[in-house]
Amino acid sequence: MKAPEEVKKIIEAPDLPVAYRAWREGEAPPLPYSVFYAGKANNFGADGKVYFSAQRYTIELYTEEKDPAVEQALEARLDAAGIFWTKDETYIDSEHMNEIIYEIEV
């Protein structure tokens, strides 16, 4: 299982600031940026013990416009770390930005 600091090191880049859960009010950098947070742990157990534990994380990438280069750069960092990911996309009308949602388990 990877700790949040380890996940942050994987997804953070000079051109992609990252925060855990959310940016503080008024402190969000210019787009693009990302937030990530832990979700449900996925434990494998037997005989009343946990033999293996993996942590699920959600990574939210925010961009002003659709930006395949930023997405590909993040995906390349996940791939290089050997992390399987899934991806979904939506547009947030009220914020006028794209949101790409990655789900990982480490």
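Two strands are taken as paired if DSSP finds at least two bridges between them. The legends below describe a predicted model.

**Figure 1. The hairpin of S4 and S5 has 4 residues between its strands.** Strand S4 covers residues 85–92 and is joined to S5 by 8 bridges, with the two strands running antiparallel. One of the facing positions is Thr90, whose bridge partner in S5 is Glu99. His96 lies in the loop between S4 and S5. This histidine has a positive phi of about 55°, although it is not a glycine. Most residues other than glycine have a negative phi. His96 counts as exposed because its relative accessibility is 55%, and the cut-off for exposed is over 50%.

**Figure 2. Strand S5 also pairs with strand S3.** S3 spans residues 49–63 and S5 spans residues 97–105; the two are antiparallel and share 8 bridges. Tyr57 stands opposite Ile104 in S5. At 2% relative accessibility, Tyr57 counts as buried. S5 thus appears in two views, through its bridges to S4 and its bridges to S3.

**Figure 3. Phe36 and Tyr57 form a tilted ring pair.** The structure holds 5 aromatic pairs, this one among them. The ring centres of Phe36 and Tyr57 are 6.1 Å apart, and the planes stand at 45°. Why is the pair called tilted? Planes under 30 degrees apart would count as stacked and planes over 60 as edge-to-face, so an angle of 45° falls into the remaining class. Phe36 belongs to strand S2 and Tyr57 to strand S3, so the pair ties together parts that are 21 residues apart in sequence. Phe36 is buried, with a relative accessibility of 2%. Tyr57 is likewise buried, at 2%. Ring pairs link both residues with Tyr20 into a cluster.

**Figure 4. Trp23 and Tyr33 meet edge-to-face.** The centres of the two rings lie 5.9 Å apart. The planes make an angle of 75°, so the pair is classed as edge-to-face. Trp23 sits in the loop between strand S1 (18–20) and strand S2 (33–46), whereas Tyr33 is in S2 itself; the pair therefore ties together parts that are 10 residues apart in sequence. Buried or partly exposed, where do the two residues fall? Trp23 counts as partly exposed, at 25% relative accessibility. Tyr33 counts as buried, at 12%, because the cut-off for buried is under 20%.

**Figure 5. The loop between S1 and S2 holds a cis proline and a residue with positive phi.** Pro32 lies in this loop. A cis peptide bond joins Leu31 to Pro32, with omega at about 0°. Most peptide bonds are trans. Arg21 is in the loop between S1 and S2 as well. Phi of Arg21 is near 70°, a positive value in a residue other than glycine. Arg21 is partly exposed, with a relative accessible area of 46%.

**Figure 6. Pro14 is exposed in the loop between helix H1 and S1.** Helix H1 covers residues 4–11. The relative accessible area of Pro14 is 90%. Tyr57, the residue shown in Figures 2 and 3, counts as buried at 2% relative accessibility. Between the C-alpha atoms of Pro14 and Tyr57 the separation is 21 Å, and the two residues are 43 positions apart along the chain.

**Figure 7. The whole chain, for orientation, has 2 helices and 5 strands.** From the N terminus, the order of elements is α-β-β-β-α-β-β. The C-alpha trace spans about 50 × 30 × 25 Å along its principal axes. Of the 106 residues, 34% count as buried. Among contacts with a separation of 6 or more, 46% come from residues 24 or more positions apart. The chain exposes about 6,600 Å², of which carbon and sulfur atoms supply 51%. There are 11 positive and 21 negative side chains, and the centres of these two sets lie 10 Å apart.

Key. Residues are numbered from 1 along each chain as its sequence is written. This is a predicted model: local features need pLDDT of at least 70, side-chain atom pairs count only at pLDDT 80 or more; totals for chains, interfaces and linings use all residues. Side-chain values use heavy atoms; hydrogens and water are left out. Buried means under 20% relative accessible area, exposed over 50%, partly exposed in between (1.4 Å probe, protein chains only). Contact means heavy atoms within 4.5 Å. Accessible areas come from the Shrake-Rupley method with a 1.4 Å probe; for residues, only the protein chains shown count as cover. Lys and Arg count as positive and Asp and Glu as negative; His and the chain ends are not counted. The place of a charge is taken as NZ of Lys, CZ of Arg, CG of Asp or CD of Glu. Rings of Phe, Tyr and Trp (its six-membered ring) pair if their centres lie within 6.5 Å; planes under 30 degrees apart count as stacked, over 60 as edge-to-face and the rest as tilted.
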